[in-house]
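Please open the model in your viewer, show the backbone as a cartoon, and keep the side chains within reach. The stops below each begin with a selection and then describe what is found there.

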Amino acid sequence: MAVAPAHDRLARQLTFLSAVDALKRVERASRITDEGAARGGRHENSAEHSWHVALFAEILAEHANEPVDTARVVRMMLVHDIVEIDVGDVPLHAAQPDDKAEREAAAAARLFALLPEDQGRELDMLWHEFESGTSIEARFARAIDRLQPILLNGANDGGTWRDYAVSEAQLRTRTGHIAQGADALWRHCETLIARGVGEGWLTVEANDPI
């Protein structure tokens, strides 16, 4: 494979880095913690979320069900939501568009194509690995990606659980795969879920719809 001239390679790398600055403008449903505000402070953005879960990977890797390549998980977390630059964030507890997967794959292809071919191909593969959830690293990455909003909701008097009137059964269905990547982290979530039920942040109904 031909190698692009150094000046062209650098230009493409800088173009990509400039383009992904737009992730800072993508607002998520979760709120940052703010002890002085009821139910939390402002909404976090997707760049903040990506940084936060990358740090989760570094700090919590020892709790993965199987040994993971921590550096690979960190890299995965840094790019896993980059597609939201084009498609926006779809909150977990909101209705999911039928074409979400197709639109995100198209966004990944566009954004990673801004990079030199070798780097773009590598990050595109990393993004697809996260989406598939088939590798050890991807299962752990998906676990901490779901853990972070749960922690924020626990710190913000229910946060998005109350915003979207989430039931206990719905939350378990949408986040139970945390156990596939880290049993220890799911056990902690069980404690937070129980608290959410006790505080009335999560609803509990007979024959709860999933």
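What follows is a tour of a predicted model, going from the whole chain to its core and then to single residues.

**The whole chain**

Begin with the full chain selected and coloured by secondary structure, which shows eleven helices and two strands. Read along the sequence, these elements follow the pattern α-β-β-α-α-α-α-α-α-α-α-α-α. The radius of gyration is 18 Å, close to the 17 Å that the globule rule gives for 210 residues, so the chain is as compact as a globular protein of that length. If you orient the view along the principal axes, the C-alpha trace spans about 65 × 35 × 35 Å. Colouring by accessibility then shows that buried residues make up 44% of the 210 residues. Among contacts between residues at least 6 apart in sequence, 69% join residues at least 24 apart.

**The nonpolar core**

Which residues have the most contacts inside the largest nonpolar core? Select V73, M77, I82, F112, F140, I144 and L185, which hold that place in a core of 51 residues. The elements that give two or more residues to this core are α2 (46-60), α3 (70-79), α4 (84-87), α5 (100-112), α6 (117-132), α7, α10 (178-181) and α11. Helix α7 provides the largest share, seven residues.

Stay with I82 for a moment and display its surroundings: not counting residues up to four places away in sequence, I82 touches F16, V20, L23, L111 and F112.

**Helix α3 and its start**

Next, select α3 and show its side chains, where V73, V74, M76, M77 and V79 are buried. Which helices do the buried residues of α3 pack against? They pack against α2, α5, α6 and α7. Then move to the start of this helix, where a side-chain oxygen of D69 reaches to within 3.3 Å of the backbone nitrogen of A71.

**Along helix α7**

From α3, cross to A141, which is placed in helix α7 and is buried, with a relative accessible area of 0%. Setting aside residues up to four places away in sequence, A141 touches V73, M76, M77 and F130, and three of these names, V73, M76 and M77, will be familiar as buried residues of α3. A distance drawn between the C-alpha atoms of A141 and A54 reads 8.8 Å, although the two residues are 87 residues apart along the chain.

Keep F130 on screen and add R142, whose charged end sits over the ring of F130, 5.8 Å from the ring centre. For ring-to-ring pairs, a search of the whole structure finds one aromatic pair.

Now follow α7 (residues 136-155) to N153. Is N153 buried or exposed? N153 is buried, with a relative accessible area of 3%. Beyond its neighbours within four places in sequence, N153 is in contact with G158, G159, T160, W161 and W201.

**Two loops with positive phi**

Select D157 next, in the loop between α7 and α8 (160-163). D157 has a positive phi of about 55° although it is not a glycine, and with a relative accessible area of 34% this residue is partly exposed.

Then go on to A165, which lies in the loop between α8 and α9 (168-175). The phi of A165 is also positive, at about 50°, although this residue is not a glycine. Which relative accessible area does A165 have? The value is 54%, and A165 counts as exposed.

**Last stop: G196**

Finish in helix α11 (residues 183-199), where G196 is found. At 0% relative accessibility, G196 counts as buried, the cut-off for that class being under 20%. Leaving aside neighbours within four places in sequence, G196 is in contact with W161, W201 and L202. Two of these residues, W161 and W201, were also among the contacts of N153, so it is useful to show G196 and N153 together in one view. To close, draw the C-alpha to C-alpha distance from G196 to S167, which is 9.7 Å for residues 29 apart in sequence.

Notes. Residues are numbered from 1 along each chain as its sequence is written. This is a predicted model: local features need pLDDT of at least 70, side-chain atom pairs count only at pLDDT 80 or more; totals for chains, interfaces and linings use all residues. Side-chain values use heavy atoms; hydrogens and water are left out. Helices (H or I, at least four residues) and strands (E, at least two) are DSSP runs, numbered from the N terminus. Buried means under 20% relative accessible area, exposed over 50%, partly exposed in between (1.4 Å probe, protein chains only). Contact means heavy atoms within 4.5 Å. A nonpolar core is a set of buried Ala, Val, Leu, Ile, Met, Phe, Trp, Tyr and Cys residues joined through side-chain atoms within 4.5 Å. A polar contact is a pair of N or O atoms within 3.5 Å; within protein, one must be able to donate a hydrogen and the other to accept it, and residues adjacent in sequence count only if both atoms are side-chain atoms. Rings of Phe, Tyr and Trp (its six-membered ring) pair if their centres lie within 6.5 Å; planes under 30 degrees apart count as stacked, over 60 as edge-to-face and the rest as tilted. A charge sits over a ring if NZ of Lys or CZ of Arg is within 6 Å of the ring centre and within 35 degrees of the ring normal. The radius of gyration is taken over C-alpha atoms; the globule rule is 2.2 Å times the number of residues to the power 0.38.
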